[in-house]
Amino acid sequence: MSANPFANAMAQLRDAARVIDLDPRLVTALQTPQRILAVGIPVRMDDGSMKVFSGYRVQHNDARGPFKGGIRYHQQTNLNEVKALAFWMTIKCAVVGIPYGGGKGGVTVNPKELSMGELERLSRGWVQAMYRHLGPWQDVPAPDVYTTPQIMAWMTDEYSKLSGQWTPAAFTGKPIAVGGSAGREYATGQGGFYILEALLAKLKKSPRRMTVAVQGFGNVGYFTAKLLHDAGYKVVALSDSHGGILDLRKQGMDPEHVMATKRERGMIGGMYCVGTVCDAKNYRAITNDQLLALPVDILVPAALENAITEKNAGRVKAKLILEMANGAVTPEADIKLFRRKITVVPDILANAGGVTGSYFEWTQNLQGVHWTEKEVLSKLKPTMIRSFNEVWDMAAKHRVSLRQGAFILGIDRIAEAMKLRGRV
């Protein structure tokens with residue numbers, strides 16, 4: 001089992017390519033990013049000192065349209081991780097049928113250690129270093145782990161200064177006041193919810209009695225948990241990077257109350273609180289490893305890569321996995337889970353609501369219009385359900401997992417574009 005996410009991504013590519021006997025020239029092309037940018041970003045710190053942060057942008061493939069993908073700020077971010085994420089974005093955009101290629105960016109930094117001023121200077125510095133390779137028709141970044149709408153606003157402003165004109169379509173995930181889209185904040189979770197509902201309908205299972213455990217309580221994990229709770233699912237376990245909480249009675253927790261505790265204490269903690277009243281009797285603290293092995297109906301990994309590996313896949317008791325984090329399930333774990341008849345909805349489908357929401361924002365910016373939240377959701381739902389059905393049918397046709405079905409669907413579409421453009 002490889003801890004290298006790019007090696008895992010390439011293993012997924014090879015597995016899908018074997019099923020459809022893909023032209024080796026296309027395999028080679030998809031294994032190699034079109035451009036890799038690695039830069040040093042000098043930032044003046046508040047104490048007057050200077051630090052240089054490592055920044056990256058990998059532009060994987062633009063056969064179907066401009067490069068598209070988030071920028072993450074994380075202390076463990078490295079080039080192999082960004083290469084993998086860029087590759088997955090290429091496949092993901094093709095799976096949901098939006099006119100984008102794939103890219104990804106990052107900075108090796110712990111953003112929690114920076115002041116707001118330092119964070120702004122770092123964000124503007126990233127744009128200054130990458131500017132020549134960005135733009136609405138070239139590469140359109142978005143938020144990712146530990147990047148926010150405010151950071152996108154700074155980056156859009158910096159790009160606009162350098163280009164000499166206001167260019168809101170250069171970035172997505174912005175606040176509504178500067179060209180953002182209604183519904184974009186929770187589009188990833190909303191898309192995952194639509195996909196899960198479609199899957200349960202195929203399996204003829206009632207969602208209202210299902211228990212759920214969600215690993216990761218950032219934007220994606222929180223909104224996914226909230227949407228499931230509001231729809232009647234029983235969210236019995238939640239966790240963040242510090243650990244989690246388990247509902248011993250399995251009656252379900254309200255993620256809003258858990259988020260209130262997280263905002264107050266900086267972590268979820270080991271008890272369930274509503275206002276100032278906390279219940280430590282019916283809830284207990286658990287680790288992230290324990291959460292992954294809980295006897296729940298649905299497991300939602302929504303944190304970082306390599307959550308479910310060859311080592312712990314055998315301990316997973318859930319029958320359905322909704323992979324909301326990129327690369328949360330390794331290829332070796334996929335094989336074990338498939339053999340155990342555990343259904344995995346892959347990241348390139350499950351969390352594609354985010355990039356679809358970004359596409360809607362970009363479209364509005366280019367046209368100079370603003371859609372209501374109702375209009376956005378009316379476009380998001382059919383896109384996600386159509387994509388799920390296409391992946392389901394592809395997996396059934398080739399008698400493979402949903403992940404391989406999604407890869408085959410995406411690769412077919414990318415290959416067609418590359419052939420038509422004369423790239424292979």
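**Exercise 1. What share of the 424 residues of the chain counts as buried?**

Solution. Before starting, note that this is a predicted model, in which local features need pLDDT of at least 70, side-chain atom pairs count only at pLDDT 80 or more, and totals for chains, interfaces and linings use all residues. Residues are numbered from 1 along each chain as its sequence is written, and side-chain values use heavy atoms, with hydrogens and water left out.

Step 1: fix the term. Buried means under 20% relative accessible area, exposed means over 50%, and partly exposed lies in between (1.4 Å probe, protein chains only).

Step 2: read off the share. Of the 424 residues, 58% count as buried.

Step 3: add the surface. The accessible surface of the chain is about 17,200 Å², and carbon and sulfur atoms hold 51% of that. Such areas come from the Shrake-Rupley method with a 1.4 Å probe; for residues, only the protein chains shown count as cover.

**Exercise 2. Describe the overall build of the chain.**

Solution. Step 1: list the elements. The chain has 14 helices and 14 strands. These are DSSP runs numbered from the N terminus: helices are H or I with at least four residues, strands are E with at least two.

Step 2: judge the compactness. The radius of gyration is 21 Å, close to the 22 Å given by the globule rule for 424 residues, so the chain is as compact as a globular protein of that length. Here the radius is taken over C-alpha atoms, and the rule is 2.2 Å times the number of residues to the power 0.38.

Step 3: take the extent. The C-alpha trace spans about 60 × 55 × 40 Å along its principal axes.

Step 4: look at contacts, meaning heavy atoms within 4.5 Å. Among contacts with a separation of 6 or more, 69% are between residues 24 or more positions apart.

**Exercise 3. Trace some salt bridges and say which parts of the chain they link.**

Solution. Step 1: recall the idea. Side chains of opposite charge can pair when their charged atoms come close. A salt bridge is a side-chain nitrogen of Lys or Arg within 4 Å of a carboxyl oxygen of Asp or Glu.

Step 2: count. The whole structure contains 22 salt bridges.

Step 3: take Asp-144 and Arg-72, whose side chains meet at 2.6 Å, N to O. Asp-144 sits in the loop between strand S5 (139-143) and helix H5 (149-163), while Arg-72 belongs to strand S3 (residues 67-74), 72 residues apart. Asp-144 has 19% relative accessible area and so is buried; Arg-72, at 3%, is buried too.

Step 4: move on to Asp-240 and Lys-262, which form a salt bridge of 3.0 Å, N to O. This pair links strand S7 (residues 234-240) with helix H8 (residues 255-265), and its members are 22 residues apart. With a relative accessibility of 5%, Asp-240 is buried.

Step 5: finish with Glu-323 and Arg-403, at 2.9 Å, N to O. Glu-323 lies in the loop between strand S13 (320-322) and helix H10 (331-339), and Arg-403 in helix H14 (residues 402-420), so the pair ties together parts 80 residues apart in sequence. Glu-323 is buried at 0% relative accessible area, and Arg-403 is buried at 5%.

Step 6: join the partners. Arg-72, Glu-81, Lys-104, Asp-144 and Glu-305 form one network through salt bridges that share partners.

**Exercise 4. Which residues does Thr-261 touch, not counting residues up to four places away in sequence?**

Solution. Step 1: place the residue. Thr-261 lies in helix H8 and is buried, with 5% relative accessible area.

Step 2: name the neighbours. Thr-261 touches Gly-266, Met-267, Ile-268 and Cys-273.

Step 3: try Leu-377 in helix H13 (residues 373-398). With the sequence neighbours up to four places away left out, Leu-377 touches Tyr-186, Gln-190, Tyr-194 and Pro-382.

**Exercise 5. Examine two residues with positive phi, Asp-21 and Asn-306.**

Solution. Step 1: know the background. Most residues other than glycine have a negative phi.

Step 2: check Asp-21. Its phi is near 55°, and Asp-21 is found in the loop between helix H1 (5-20) and helix H2 (24-31). Asp-21 is exposed, at 68% relative accessible area.

Step 3: check Asn-306. Its phi is about 60°, and Asn-306 lies in the loop between strand S12 (298-301) and S13. Asn-306 is partly exposed, at 23%.
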